[in-house]
Structure formats: structure tokens, C-alpha cells
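Got your viewer ready? Load the model and keep the selection box handy, and we'll walk through it one stop at a time.

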Amino acid sequence: MIFMYKDATIMTKRFTICKYFCNALLLALLALGAACRSPLAEVKPPDRAELDLEVTVENHSRKLKRLRTMKLGEPNSAAARADALESHRAWLEAEFRAEAGDRGLVVDPGAGLHLKLAITSLGEVRAKYIVYGIASGVAWGVGTGLVAHDPRLAVGLGLYELVEESAFWIAGSAVFGAYSAPVVVEAAVLDGRNPKAVWTASYYIINGRKHLKALPEDQRSDRAIQLHAALRVFLDKLFKNLEAAPGFPRRLGPPRALAYSTLKDEKAPADIGFQNPVSAH
């Protein structure tokens, strides 16, 4: 029995080391996949600096307080979460159009190039990722026991992984959502002459701290502003990538700063004017 216990202990240690190594390898592959994007340099430039824009958001939120600062006694209702998500979607679209106007880029529904932006995560870790994380750990434990041809080890490791992964993913996601402003946005460029996307990218933003620094300290704790700052970081990265496209206009002047405001005080997308197209340099 002692030898069996020692063997099980050694196998568990090896199993844990291998699991962490594979997790690190998976993260590295995901990072590499995000970096290896289809080349925008191969996109045929349009006759003028213009594109069509579509911004969507997936209704994934579980907690209203992760989307905006809640009023005292305000319920965490599905309708309120949907309204908050729509507000962030509208803010992102308005900011893109404003940035486009600064560059002389025309946003036109009839443009040959079509840009799709989909906000898939905002303010918290999605439940499906938590489930995937727990399930993968349990599968790893059970699989290790089956490879060792030991059903008892498979059950033991499976239960151990269920407890460990549940604690890690549930507690970790709660802390991560509370002390950061995570944003995940999927981007794709489609050519009107080809329905298949000619360029895709996934953006994972943890927070927008560098933009929050420019705001007064009393405004940095506003949850909506924290998410706006993270979305602004996304836009910075997006436009930097889009500049690889032939003829895509570059910004003239300093980058846009994050200003404290509410959506009702901002210009609606249709009210934002655009300058004449400028050449890229």
C-alpha cells in the first residue's frame, strides 16, 4: 500500500507539471494565433478612403455592476444589462466614427470594404469560458487515470480537478472582473466582391489604465468609464492594424484622448461629420 501511495503521489506531481506546461503552451499558441493575422496589405484599396461599419454586442452579461456603476437598490435585471451593453456598443461605434473623421476616412454603407466589430465579452469573464476551463481540467484528470489503466485514479483525479478548477475559475473570474475591465472584440474585414473575410483578428484587452490616467481621480472609479478606456485601447490597436491596408489614412495630429462624458451628451453617429479623405503616409 505504501508503494502504491508513493506511485500515485509521483504520478500526481508529474500530472500537475504536465498540465501547467500544456496550459502555458496553449496560451502561447493563442497569443501566436492572435498575432498571425491575414495580411491587410493584400486588400485591394478602394477608389477613396471609405468603408462600411457594423458594430454588434453579444448579450452575455450576468452582473450589471460589471457594466456600469449601479444606483442604490437598483435590481440586476436582464433589461438593465441589455441597455448597458447597447450603450457601450453605441459608444464604441461613435468613437470609431469620430476617429475615422479625424483621419478623413468616410464611413459609408455603400462602401466596398465592410468592417465588422463584435463585442463578445465586456466587463467580466463569460460563463462559457468558466465551464470550458473546469471541463478541460476534469477531462485531463480522468484521461490521465485512463491512460494509466487505473479507474480509481481516474475518478480520484477527476474529482480533484473538479474541486481545484471550480475554485480557480469561479473565484479567479470574480476577482478578475472586479479589479480589471476586460474586453474581447472580434474584428473582420470583408470585401464586397468576396463574401469571405479577407482579414480577421481577436483583441483581448485587460484594462484601459493608460487612458484612465488622463482623467481626474474621482472619475476613474466609474465602471462605464473604465470599460470605455478599455474599448479605447482596442480602437488604438485596431487602427494601428488597419493602417497596414493600402491607402488607409493615418492620423494627423495627436491621438484621441478619453474624455469623461455620457452617451446622451455625445454626438449620435449620424451627426458626426467627416473631413475630406487624406492620403496615407
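Start by selecting residues 151-179: this is helix α4, and Val163 sits in it. Helices here are DSSP runs of H or I with at least four residues, strands are E runs of at least two, and both are numbered from the N terminus. Before going on, note that this is a predicted model, where local features need pLDDT of at least 70, side-chain atom pairs count only at pLDDT 80 or more, and totals for chains, interfaces and linings use all residues. Numbering starts from 1 along each chain as its sequence is written, and side-chain values use heavy atoms, leaving out hydrogens and water.

**Stop 1: a greasy spot outside**

Show the side chain of Val163. Buried or exposed? Val163 counts as exposed because its relative accessible area is 60%; the cut-offs are under 20% for buried, over 50% for exposed and partly exposed in between, with a 1.4 Å probe and protein chains only.

Now add Val155, Leu159 and Leu162: with Val163 they make a nonpolar surface patch of about 380 Å² accessible area together. Areas come from the Shrake-Rupley method with a 1.4 Å probe, and for residues only the protein chains shown count as cover. A patch like this takes nonpolar side chains (Val, Leu, Ile, Met, Phe, Trp, Tyr) joined within 5 Å, each residue with over 30% relative accessible area and no salt bridge (a Lys or Arg side-chain nitrogen within 4 Å of an Asp or Glu carboxyl oxygen).

**Stop 2: zoom out**

Colour by secondary structure and you should find six helices and five strands. Following the chain from the N terminus, the order is α-β-α-β-β-α-α-β-β-α-α. Of the 281 residues, 40% are buried.

**Stop 3: aromatic pairs**

How many aromatic pairs does the whole structure hold? Three turn up, where Phe, Tyr and Trp rings (six-membered ring for Trp) pair if their centres lie within 6.5 Å; planes under 30 degrees apart are stacked, over 60 edge-to-face, and the rest tilted.

Select Tyr203 and Phe234: the ring centres are 5.1 Å apart and the planes at 75 degrees, so this pair is edge-to-face. It links distant parts of the chain, 31 residues apart, with Tyr203 in strand β5 (194-205) and Phe234 in helix α6 (223-242). Tyr203 is buried at 2% relative accessibility, and Phe234 is buried at 0%.

Next, pick Phe239 and Phe248, a tilted pair with 6.2 Å between centres and 50 degrees between planes. Phe239 is buried at 1%, as is Phe248 at 7%. Finally, add Phe96, which ring pairs link with Phe239 and Phe248 into a cluster.

Methods
Patches are made of residues with over 30% relative accessible area and no salt bridge: like charges are joined within 9 Å, nonpolar side chains (Val, Leu, Ile, Met, Phe, Trp, Tyr) within 5 Å.
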